[in-house]
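Biologist: Please take a close look at how the side chains pair up here. Start with the rings, then go on to the charges and whatever lies around them.

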Amino acid sequence: MTLPFPLLENVCLRRYNSFGLNANARYLFELNNPQDLPQLFTWINQQQLPWITIGSGSNLLLLEDFKGVVIVNQLQGIEVEEQAQHFNISVAAGEDWHEFVKWTVEHGYYGLENLALIPGTLGASPVQNIGAYGLELADVCSEVEFFHLETQSLKRLNSEQCEFNYRDSIFKQSLKGKVVITNITLCLAKQWSAKLSYSGLNQLPDTANAKQVFDKVCELRNSKLPDPSKLGNAGSFFKNPVISPQRLEELLTRFPALPHYSTTTSDVKVAAGWLIDQLGLKGHRIGDAAVHQEQALVLVNIQQASANNVLDLCRHIRQQVWQQFSILLEPEVRFIGEFGEVQPDSVLGLPDARE
């Protein structure tokens with residue numbers, strides 16, 4: 001089968017991942033039209049090749065060369081439907097997330113400003129159920145459209161069907177490796193009120209408008225998160241651990257200043273960055289991989305870090321946190337091996353309590 005569109009071969013992925021790691025893809029396809037997907041996957045299946053989709057590559061750790069097809073989602077387009085009480089905004093999966101949030105604020109569609117400056121594309125947002133400063137995508141997402149490989153057709157799920165959870169969704173579980181997200185629909189209420197309870201935003205007055213919230217979020221994130229175009233990184237490397245109230249009570253007797261936050265369940269979320277910071281690991285370096293000097297939750301590529309440098313640093317951090325707090329840190333970043341995504345623990349192993 002000859003494809004009616006270009007497929008690049010032996011492509012260096014350094015500019016396709018925000019960590020700036022060197023790895024090659026056997027094939028790379030830039031997706032600009034969802035109608036190309038049926039033919040593309042017919043060919044992929046005929047060739048029996050593995051595949052992955054990426055947007056801006058901002059949440060990836062490329063462990064080695066990829067033996068299959070990397071699909072770079074570049075679908076573009078924004079459509080707004082006005083209802084009596086809200087706006088439905090349909091956005092193509094290849095749109096840049098931060099630029100879209102900026103666009104909504106500028107055009108008077110409010111409710112996403114707490115999620116400003118999160119790197120990545122719209123297509124990645126429901127997979128991770130991205131969140132920051134007291135807001136998650138699940139709070140505003142009404143529908144996700146995707147190409148389903150088994151049926152070779154476009155399908156949609158509403159928010160409840162997406163099974164959103166903390167940094168989790170159906171797209172990381174039962175639909176993992178079975179779909180390509182093509183479009184997201186967000187529901188933004190016309191009656192807007194600022195979400196200012198999160199640390200940093202509570203410095204704003206109750207009368208703050210959406211633009212002020214947007215600017216403050218950008219200021220806060222810029223003050224502690226490095227720009228991937230200047231210093232390679234994948235944003236927050238670890239998830240904030242979720243523990244039981246009983247476990248939190250035990251920890252607070254030893255560490256009264258431990259930051260913690262309520263969740264939608266009875267469990268409690270604690271700040272992974274604080275745990276790492278308490279161990280004096282800011283700036284800790286293995287090869288050219290290091291813990292960022294300003295934000296302990298971010299691992300950075302100083303110059304020419306290898307995937308092994310990053311893995312060794314990750315193992316060291318997990319070991320130290322386990323030793324001190326008996327908490328196992330889970331990476332938020334997706335680990336990509338030669339045939340696709342792999343579970344971090346299969347690469348990292350588990351901390352050794354005897355060390």
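Modeller: I will take the rings first, then the charges, then one sheet and a few single residues.

This is a predicted model, so local features need pLDDT of at least 70 and side-chain atom pairs count only at pLDDT 80 or more, while totals for chains, interfaces and linings use all residues. Residues are numbered from 1 along each chain as its sequence is written, and side-chain values use heavy atoms, with hydrogens and water left out.

Rings come first. The structure holds 18 aromatic pairs (rings of Phe, Tyr and Trp, with its six-membered ring, whose centres lie within 6.5 Å; planes under 30 degrees apart are stacked, over 60 edge-to-face, the rest tilted). One of them joins Phe41 and Phe147: the pair is stacked, at 6.0 Å centre to centre and 25° between the planes. Phe41 lies in helix H1 (residues 37-47) and Phe147 in strand S10 (residues 141-148), so this pair links parts of the chain 106 residues apart (helices, H or I with at least four residues, and strands, E with at least two, are DSSP runs numbered from the N terminus). Phe41 and Phe147 are both buried (under 20% relative accessible area; exposed is over 50% and partly exposed in between, with a 1.4 Å probe and protein chains only).

Why is the pair of Phe87 and Tyr109 edge-to-face? The ring centres of Phe87 and Tyr109 are 4.7 Å apart and their planes stand at 70°, so the pair counts as edge-to-face. Phe87 belongs to strand S7 (residues 86-92), and Tyr109 to the loop between H2 and H3, 22 residues apart. Phe87 has a relative accessible area of 14%, so Phe87 is buried. Tyr109 is buried too, because its relative accessibility is 15%. Ring pairs go on to link Phe87, Trp97, Phe100, Trp103 and Tyr109 into a cluster. Phe87 also has a charge over its ring: the charged end of Lys190 sits 5.2 Å from the ring centre (the rule asks for NZ of Lys or CZ of Arg within 6 Å of the centre and within 35 degrees of the ring normal).

The loop that holds Tyr109 also holds Thr121, between helix H2 (97-106) and helix H3 (125-128). Thr121 is buried, because its relative accessible area is 10%. Apart from neighbours within four places in sequence, Thr121 is in contact with Gly55, Ser56, Ala93, Gly94, Glu95, Asp96 and Trp97 (heavy atoms within 4.5 Å). Trp97 is in the ring cluster too.

Now the charges. Side chains of opposite charge can pair when their charged atoms come close. How many salt bridges are there? The count is 15 (a side-chain nitrogen of Lys or Arg within 4 Å of a carboxyl oxygen of Asp or Glu). Glu145 and Arg156 form one, at 2.9 Å from N to O. Glu145 is in strand S10 and Arg156 in strand S11 (residues 153-158), 11 residues apart. Glu145 is buried, because its relative accessible area is 13%.

Lys176 and Glu341 meet in a salt bridge at 4.0 Å, N to O. Lys176 sits in the loop between S11 and strand S12 (179-189), and Glu341 in strand S21 (residues 340-342), 165 residues apart. Lys176 is partly exposed at 30%, and Glu341 is partly exposed at 31%.

Another salt bridge joins Lys216 and Glu219, at 3.3 Å from N to O. Both lie in helix H4 (residues 210-224), 3 residues apart, about one turn of the helix. Lys216 is buried at 11%, while Glu219 is partly exposed at 46%. Elsewhere, salt bridges link Glu136, Arg167 and Glu332 in a network.

Next, a sheet. 4 strands form an open, antiparallel sheet in the order S13-S19-S18-S17 (strands pair if DSSP finds at least two bridges between them). Strand S13 (232-236) and strand S17 (285-286) are at the edges with a single partner strand each, so one side of each has no neighbour in the sheet. S13 pairs with strand S19 (residues 298-301) over 3 bridges, in the antiparallel sense. Asn233 has Val300 in S19 as its bridge partner.

Two single residues remain. Asn10 and Tyr133 are not glycine, yet phi is positive, near 50°, in Asn10 and in Tyr133. Asn10 lies in strand S1 (residues 8-12) and is exposed at 62%. Tyr133 lies in the loop between strand S8 (131-132) and strand S9 (135-136), and is buried at 8%.
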